[in-house]
Structure formats: structure tokens, C-alpha cells
Amino acid sequence: MELRQRALQVLCLSDVDQKVRQTLDLQAHAASFSIANETPVEPHDLPGRPERPALLAHSQVARRSPATPAGRAVLLHAIAHIEFNAINLALDAVWRFSGMPQRYYLDWLRIAAEEAQHFSLLREHLRSQGHDYGDFPAHQGLWTMCEKTRGDVLARMALVPRTLEARGLDATPLIQRKLRQTGAADALAAADILEAILREEVGHVAIGNHWYRWLCERDGLDAEAHYTVLVQRHEAQQPKPPLNLEARRRAGFTETELAWLTYGENASNKPNAF
């Protein structure tokens, strides 16, 4: 069987359990699949998604304090939804873009499988607290950028893993701190789950950085300068400080990139910022 076609089939699944199970199975048997250059025909209504959760605009999704059990449930559900979307994002990166090295497809398939594991950990935790995925509304911010970059693998690598997903590197320690401050057993368990996820997410962003720079080198582009072009072209938001500088460095960001992310166009006026 062909890997990219199979990734598209899994992406189209709307049943949550089937998508998780078949993503893991696809990654486990990746060595037995061929990889074709021909891109499958894109079906309508990607990605496959369950009837629940209800999807709202980002501004309409309520936020609650993690100081209460109900607030923690909403918070963990939101993170689980991000991880479910990340499965779709990784599968989309596998099937959509032709002509990439074999390593690219295997990298993104591994990411899809790890995102499926992350989602399962969070869903299990939600269930232990009397909730489940789909119980609360969610938003589709990650998939919106996926659609914007559907015709450009370079933009995809720049603006999904190393921009949107990299925000998780910054946000996770702040969330963990708030959870641990409650002292509640379920909050401490959630913080530990997020710690395990963070370690692997650094690797996911690093893969995005690797392939972004590989594509820039292939196309004769300056990676640092072209990133700002892509951010403006696709209206990607610049992350708000504080940045997790240690995690971003481990994920492959340069000091110049970190300065730009922190100070924007004023980065050149902040010598020795890091």
C-alpha cells in the first residue's frame, strides 16, 4: 500500500477512536509502505472530525480558571483538542506535499503518532475526572493556518510547526505552574502529563525547523529573512512573551530568530538581548 494515500484515508476519518488507532497502526507499519510522488485527489471537507466538540470562533470559547475542577476540565479539554488537531496537521503534511525526501514523510508520520498518544493521555485524564473529549466547545485555529498553507510546503513548515505549534513550548510551563499552584491531585497529574508532552513537542518543532531550513536551502532562500515574508503574507501572529527560550533553542531556533520573535522589527536595536 502507498503511504501518502493511506495517510489521507486516516485524515478523513471522523471517528476519534479509529483515527487514533489507525494513525498509530500506520506509523508502526510505515516500513512496509511505498511512497509515491503522485498526490492523491483532495476530497471535500478535510479533515474528518467528530460531531463533537462544537466548533466556535476563538473569541467565543470560554476560559475558566484552573483553580476549580470545572476550570481544569475546560483547560485540559482545550489542550486535548489542540493535540487532536495536531494529528490531522501531521497527516496532512504527509499526504499533501509531493517530491520530498522519504525522511520527511516518516518524520511527519512519527509526529502524527506521538500526537495521537498525547491526545490519548489527555483524554484518559479527562475521563478520570468524569468528562470526555467533546464535552466542551473548541476552536479551529490550527487548521485555519493549515488551509492557508495548503499549496506551499515551505509556508507550511514555517507557519505551523515552528510558529503555531511552537507557541505550545511557551505556554506549557505557564499552564503547569498554575496547575501546580492549586495543589489538587488531578491538577498535579495533569501537570505531569504536560511535562511528558512538552519533551516530545520540542522534537516536533525541531523537525519543522529542519525541513523549513532544508527547503530554504534547496530554493536558495535566506531562512531568517524569508520567515518574516511568510509571516506577513499569511498574516501569522507573532507570539507574545514570555518565550520559552530554552525549549526554542533546543528546537533549533537561532539567536537572531529569538530576538525577532521577541522584539519584532526592533530586534536590531536590542544588542546582546539573549
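I count Lys and Arg as positive and Asp and Glu as negative, leaving out His and the chain ends. I place each charge at NZ of Lys, CZ of Arg, CG of Asp or CD of Glu. On that basis I looked up the 31 positive and 34 negative charges of the protein, and their mean positions are 4 Å apart.

**Ground rules.** I am working with a predicted model, where local features need pLDDT of at least 70, side-chain atom pairs count only at pLDDT 80 or more, and totals for chains, interfaces and linings use all residues. Residues are numbered from 1 along each chain as its sequence is written, and side-chain values use heavy atoms, without hydrogens or water.

**Fold.** I find 11 helices and zero strands. Helices here are DSSP runs (H or I, at least four residues), strands are E runs of at least two, and numbering starts at the N terminus.

**Size.** I checked the radius of gyration, taken over C-alpha atoms, against the globule rule of 2.2 Å times the number of residues to the power 0.38. The protein has 19 Å, which agrees with the value near 19 Å for a compact globule of 274 residues. Its C-alpha atoms fill a box of roughly 55 × 50 × 30 Å along the principal axes.

**Core.** I noted that 51% of the 274 residues are buried (under 20% relative accessible area; exposed is over 50%, partly exposed in between; 1.4 Å probe, protein chains only). I take a nonpolar core as a set of buried Ala, Val, Leu, Ile, Met, Phe, Trp, Tyr and Cys residues joined through side-chain atoms within 4.5 Å. The largest one has 80 residues, and Tyr104, Trp108 and Tyr212 have the most contacts inside it. Helix α8 (residues 185–219) gives the most to this core, with 14 residues. I then followed Tyr104 (contact means heavy atoms within 4.5 Å). Beyond four places in sequence, Tyr104 touches Ala93, Phe97, Val153, Met157 and Trp211.

**Arg72.** Is Arg72 buried or exposed? I find it buried, with a relative accessible area of 7%. Arg72 sits in helix α3 (residues 69–96). Outside its neighbours within four places, its contacts include Asp186, Leu179 and Thr182.

**Loop between α2 and α3.** I found a cis peptide bond from Leu46 to Pro47, with omega near -10°. Pro47 lies in this loop, and so does Asp45. Asp45 is not a glycine, yet has a positive phi of about 60°. Asp45 is exposed, at 71% relative accessible area.

**Loop between α9 and α10.** Pro241 and Pro242 are joined by a cis peptide bond with omega about 5°. Pro242 is in this loop, as is Glu235. I read a positive phi near 55° for Glu235. Glu235 is exposed, with a relative accessible area of 64%.
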